Amino acid sequence: MLKEKPVILSISASDSSALRGVEADVKTAIKLNTYCTVATTTVTSQNTQRCISRLALSSSMVYDQIKAASEDFHIGCVKVGLISNINQAKAVRDAIDKFFEGVHIVLDPVIASKFGHIYTDAETLAYIKEQIFNRVSLITPNMKEAAVLSGLEVTSVDDMLMAAQKLYGEYGTNVLITGGALEGDPKDVLIVDGQDRVIDRTRVDRQAFGLGATVSTAIATYLAKGYKMEAAVRFGLEYLQMCLNAEGDEILWQV
């Protein structure tokens, strides 16, 4: 039965190609035997080549979608992706405070697309850092996003450790920096309760989309199932690796 499964809520953009955003989140949750409700922040027109256009929904619509999910489902974890503007950010903060006390929240700080399309302006990003980071359980930036968030250069594992410690010290939230942009095999940096770990992965020669969405949502599903933070992160990264290794996998689309 539906309500016997763990349930998560994805607050993020809709992607017309279904490679990223809430579509990728739903697919990931289904694979991991979890139900995923959604609150769409932005509708995008994009494919594997470019982002053509986007339309941010009103803050009241974003809030009402979150409210609707919280009223009818027992949300075990919230995953937050793209927040397009400061009004949406305020709505998400208010909804977190009202509906999700004590619930794990995983925030994937979507700042720009791989095409260079900037999704989050400076004012909105500053608000998210100051008003939402301290309300979440984990943030999952990639190396470029970690550099923007920390104000540090992030090009090596040592840089990742420094950036993660800075973010943890400033905002008090656990941090996972994914190291897919490193040369050679990827290494991810995790800080949980102030303690850092470096997690090894194996590079797969494959172009794929939705990596950030997939790993953050996978972590959210494991948190919803009751796993502790470090275990949830490690299982989420293992799931990502499994998807990258699988030929023809429909979650991470290969070109």
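Helices here are DSSP runs of at least four residues, numbered from the N terminus. With that in hand, here are some notes on this predicted model.

1. **A helix to start with.** A good place to begin is H6, which covers residues 157-171 and has 15 residues. From its first C-alpha to its last, H6 reaches 21 Å, close to the 21 Å expected at 1.5 Å a residue.

2. **What H6 hides.** Several residues of H6 are buried: Asp159, Met160, Leu161, Ala163, Ala164, Leu167 and Tyr171. Which elements cover them? Among the helices are H4 (122-131) and H5 (143-150). Strands also take part, including E6 (138-139), E7 (174-177), E8 (187-192) and E9 (195-200).

3. **Just past the helix.** Follow the chain beyond H6 and you come to Gly172, where phi is positive, at about 70°.

4. **Asn33.** Now for a residue that is not glycine: Asn33 has a positive phi, near 55°. You will find Asn33 in the loop between helix H1 (21-31) and strand E2 (35-46). Its relative accessibility is 45%, so Asn33 counts as partly exposed, a class that runs between the 20% and 50% cut-offs.

5. **Asp193.** Asp193 is not a glycine either, yet its phi is positive, at about 55°. Where does Asp193 sit? Look in the loop between E8 and E9, two of the strands that help cover the buried residues of H6. Asp193 counts as exposed because its relative accessibility is 59%, and exposed means over 50%.

How values were computed. Residues are numbered from 1 along each chain as its sequence is written. This is a predicted model: local features need pLDDT of at least 70, side-chain atom pairs count only at pLDDT 80 or more; totals for chains, interfaces and linings use all residues. Side-chain values use heavy atoms; hydrogens and water are left out. The expected span of a helix is 1.5 Å times one less than its number of residues. Buried means under 20% relative accessible area, exposed over 50%, partly exposed in between (1.4 Å probe, protein chains only). Contact means heavy atoms within 4.5 Å.
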